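User: Could you take a close look at the pockets here? I'd like to know what lines the largest pocket, and how the lining of the second largest pocket divides.

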Amino acid sequence: MISKSWVALAALAVAGCDLAGGGEATEAQRGDGTDTIELAEFPDRPYWGDTHLHTDVSVDAFGFGVRLGAEEALKFARGDTVTATTGMEAKLDRPLDFLVISDHSDAMGATRRLYDSPRILVRDPTLRRWYDMMHESPEQSTRAVAELITAAANDEIPAALRDPERQAKATRDLWDNHLALLDRYNRPGEFTAFAGFEWTLMPDGNNLHRVVMFRDGSVKTGQVVPFPGLDTQVEQLWDYMEAYEANTGGQVLAIPHNSNLSNGIMFDLVGPDGGAMSADYARRRARYEPVVEATQIKGDSETHPFLSPNDEFAAFGVAGWELGNLPLTQKSTPDMYAGSYVRSGLLRGLTLEQQMGVNPYAFGLIGSTDSHTALATGDEDNFFGKHTGNEPRADRAMAGQNLGTRVGRFGWHYLAGGYAAAWARGNTRAEIFDAFMRREVYATTGPRMVLRLFAGFDFSADDWDGDWVRAGYTRGVPMGGDLEDSGRAPVFLISALKDPEGANLDRIQVVKGWVDANGEAQERVYDVAWSDMEGSRRSVGGAIPPVGDTVVRREATYENTIGTAELRATWRDPDYRAGQRAFYYVRALEIPTPTWVLFDAKRFGFDLPADVVEANVIQERAYSSPVWLRPRRASDAPRTMGEG
C-alpha cells in the first residue's frame, strides 16, 4: 500500500515543484492539507513556528527600512540563507515548521508606493515631508514611520494615504500574489505556509492588535482581502471572520498580542462601549480568539510583579514596556495592569464566567516574534532586531527605541522574540490550525523546549512506566482542555525536555488561578519539580535554593553544569476545593543564560553599564496553555433520593 505521504510527494514531483518554491502549486499545496499525508495516531511532536512576521509591504516595516519580501521570509523560515536588508547573511540554525506572514492590513504597501512615487506627484505636505525623510537616511525614515504610527493612533493619517479606491486595488493585487506564493511554498508534511494578516486597532495608541490566521489555501482565502483595523471595532473583525467561514466553508482565528501595551483594555471587564459585557460578546470572543500571544520582541505579557508579588519570576520581559502604550503617547499606571497581562486576563475570564456563564478569556498561550525584518528568528545568538534599524550593529543595545517621539525605551529592552509550538499529528495547515483551535499549543521565549501537560483524576507515577502519552489522551485532557470537576483533586502529568541545542532546565512550576468561595480571584505558583531536588536543592520551608549561574558576562557563555536535561512530575492540586472554578498552566524555566545584548557586546567589543549587564542574564521559559477545571453543571450532577 502506498502511503498518503508518498502520494503527496509524487504529486509535487510531477508538478515540477522544487524546494525553491517555483512552478505551479499543486492541488495539495493549495488546500488545507487534509488527506495529503499520513498522520500520527496522537499529536506526536511539537511543530515550531512564528505566527507574527512582517515584510516590506507592511506600512511601518518598509519605512523602517526592510526590503525583504514574503519570498525571502519563507526561504529564511524553512532554513535557507538569505541576505538581510543591511547586507549580512542570515540563516536559522534550525528551520521552522510553519510560518504566518502577518503584514498590516491597513495601507498595505503604501509606504513602498509613496517611496517609489515621483516626488512632484506627492502634493500632501505631510506625505511629502515623510517622503523626503524616507529618502534622506535610515534614521529619518524610522522617524517618519514613528510619526506615521502616532498619526494613526490619533486618527490623523493624511487622506491621500488612505484613498480607499486606490488602496483597495493595491491590497487586492498584493493579496492575490501573496496567496499564490504561499501555495507554492506550502509543502504538506514538510513546511506549512499560512495566510494571515495583522489587524491593528489602536484607540489612543492603546494596543488592541490581532493577528488573523487562515486554515485554508488560496482557493478559499482568495475570496477575501485583509480586513483593515483603523476606524473599525473588534466586532466588525469577527463579522468579517464569520462571513468568511459562512461563505467559503473555511476557518479563521484571531490572536491578540502585546496586551502589555494596551493600557488595560485588552482584557477589560466591561464591553467595548464601557457597559456590562454581554454574553454574546464573550461568546464571540471565545469563539474567534482561542489563543493569545503571551511573549514576543516587544516584551512578555505573562504577568507583572505588581499583580503577582509572590511570584519571584514575574518580572521577565517587563522593563521598558510597562511605561506606557505602544507609541508611548499615554503612560501606564498600576491600575491598568490587570487588563494588560495574560494571567490576570485568565483570572478575569473565570470571574466573568461565574457571573454570566461564558468565559471570554479562556485562551491558550503562544509566542511569536513580531519581527519587522522578514526574518523570523527568536534566538538570542542570532537576533536580527525588531526592525531593520536595529539589525546587528555595535550601538543598537543602548540606542533609544522610542521611535524618535518619546523617551523611555532602549534597544536592550527588546526580547529576542518567541516561538509557537503546536502539538499536531502532522505538518499541514489543517493539523496545525486545529491544534490552535483546541489550544494544544504553547509559548516559548525562543528555546525549543518540549513541554507536555495532561490533566485527569486517576493519573499516578506508575503511568510514566507505560505509554503515558496514550494514557494522557485516553484518561485525561491535554493542555488547552476542559476538565469537569469530579469531586476529586485533579492530577497532572507534566513533562519538560530541554532544547537539545540549548540550556538545561532549572524547574517546572504550575500556575493556578481560581475564584474562591467569596468570588475573589486568586493565584498561586507551585514548584513541582526541579534539578537536584533530592540533593543540594532540597526544599526548605517551601523555598527552593536558586539553581546557580554559570554565565560569563564578558564572553556571553554559560555551562550546562547545573540544571537538568529533563523534568517530570505527577502533581495533585493540594488546594483543591470541590466546585472550584480554576485554571492550571505550566511554566518551565531554563538555567540563566546570556541575552542577545551580551552576545552583541562580545561580538562588537564594547562595554555595557553594570545594570544592563545584570538585566541581560535571564531564565528563558516556556508557558503551556492552561487546563480549565469547570464545576459540574447542575444538569450533570447525580440525582439524589427524592428527586423526580
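Analyst: Here's a walk through the two pockets, one after the other. Bear in mind that this is a predicted model, where local features need pLDDT of at least 70, side-chain atom pairs count only at pLDDT 80 or more, and totals for chains, interfaces and linings use all residues. Residues are numbered from 1 along each chain as its sequence is written, and side-chain values use heavy atoms, with hydrogens and water left out.

The largest pocket (on a 1 Å grid over the protein atoms alone, an open set of points where a 1.4 Å probe fits, with protein on both sides within 12 Å along at least five of seven lines) has a volume of about 830 Å³. Its lining (residues with an atom within 4 Å of a point) runs to 48 residues, with V59, H104, D106, T200 and L230 nearest the centre. Two or more lining residues come from each of α3 (59-64), α7 (138-153) and α8 (164-185); helices here are DSSP runs of H or I, at least four residues, and strands are runs of E, at least two. The top contributor is α7, with five residues. By type, the lining splits into 22 nonpolar, 17 polar and nine charged.

The second largest pocket comes in at about 650 Å³. It has 28 lining residues, and S308, N310, E523, R524 and V525 sit nearest its centre. Here α12 (342-356) and β19 (521-530) are the elements giving two or more residues, and β19 supplies the largest share, eight residues. This lining divides into 13 nonpolar, nine polar and six charged.

Key: Grid points are joined across faces, edges and corners, and a volume is the space filled by probe spheres set on the points. Ala, Val, Leu, Ile, Met, Phe, Trp, Tyr, Cys and Pro count as nonpolar, Asp, Glu, Lys and Arg as charged, and the others, Gly among them, as polar.
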